[in-house]
Amino acid sequence: MIAFKNNRPLLQTGHCVISDYDHEWLSNILQEAAEQAGTTLPLKDEIAQGILLYLEQNCPLHAVPLDYLFERMRRLLEQIGLPLIAANLRKQTPPVDIELDTLAEEAPLPLFFYTELRRRMEGLRRIGLNTYHFSGKKECSLALGDRRRICPTQQRALNELNAFLEAIA
């Protein structure tokens, strides 16, 4: 196996530092800003790649404050003639993965599960993390419904879980 060193600086927000961010995260942020501006951004992948290239090769900092990164991205977008997209650029952290199936194993009753999930998300928000990726939804709904296979009860549990995640995320 060949391993390559990741030369990207850490992102810092509040008391939290983030090392796991990628091209897809930057591309999604640019796409969201373009949609908010009501326009298209055909070169979003190239812009995201340019930002990553700068961070990997030219950024002298070991940790970049998230506010600073987004301010630099706004200036870049304005300089290349995209002020509407720059104005709609929203600061957000890379998504944090929340493993719902693991949480359901720890708290298998819905009341305890939802209480614990809310507590964990509030803790993440307090340290500055505001974007989430939820994994293991199907397995979680099986555990919460005390089921081994897909059935109407499991589907109701999955619908409740999706509604809860929409409401708090």
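This report describes the sheet and the two largest pockets of a predicted model.

**The sheet**

Three strands make up an open sheet of mixed pairing, and their order is β2-β1-β3. At the edges lie β2 (16-18) and β3 (63-65), each of which pairs on one side only. From one strand to the next, the twist averages 35°. Strand β1 covers residues 10-13 and pairs with β2 in the antiparallel sense, over three bridges. Within this pairing, Leu11 stands opposite Ile18 of β2.

**The pockets**

Rolling a probe the size of a water molecule over the atoms reveals where empty space remains. The table sets out the two pockets by volume and by the kinds of residue in their linings.

| Pocket | Volume | Nonpolar lining residues | Polar lining residues | Charged lining residues |
|---|---|---|---|---|
| Largest | about 350 Å³ | seven | five | five |
| Second largest | about 240 Å³ | ten | two | two |

The largest pocket has a volume of about 350 Å³. It is lined by 17 residues, of which Trp25, Asn28, Pro94, Pro95 and Thr131 are the closest to its centre. Helix α1 (residues 23-37) contributes the most to this lining, namely five residues.

The second largest pocket has a volume of about 240 Å³. Its lining consists of 14 residues, and those closest to the centre are Ile51, Tyr54, Arg72, Met73 and Leu76. The elements that supply two or more residues to this lining are α2 (44-57) and α3 (66-79). The largest share, seven residues, comes from α3.

Terms used:
Residues are numbered from 1 along each chain as its sequence is written. This is a predicted model: local features need pLDDT of at least 70, side-chain atom pairs count only at pLDDT 80 or more; totals for chains, interfaces and linings use all residues. Side-chain values use heavy atoms; hydrogens and water are left out. Two strands pair if DSSP finds at least two bridges between them. Helices (H or I, at least four residues) and strands (E, at least two) are DSSP runs, numbered from the N terminus. Axes are lines fitted to C-alpha atoms, for helices over the stretch in contact, and angles run from 0 to 180 degrees between N-to-C directions. On a 1 Å grid over the protein atoms alone, a cavity is a set of points where a 1.4 Å probe fits but cannot get out, and a pocket is an open set with protein on both sides within 12 Å along at least five of seven lines; lining residues have an atom within 4 Å of a point. Grid points are joined across faces, edges and corners, and a volume is the space filled by probe spheres set on the points. Ala, Val, Leu, Ile, Met, Phe, Trp, Tyr, Cys and Pro count as nonpolar, Asp, Glu, Lys and Arg as charged, and the others, Gly among them, as polar.
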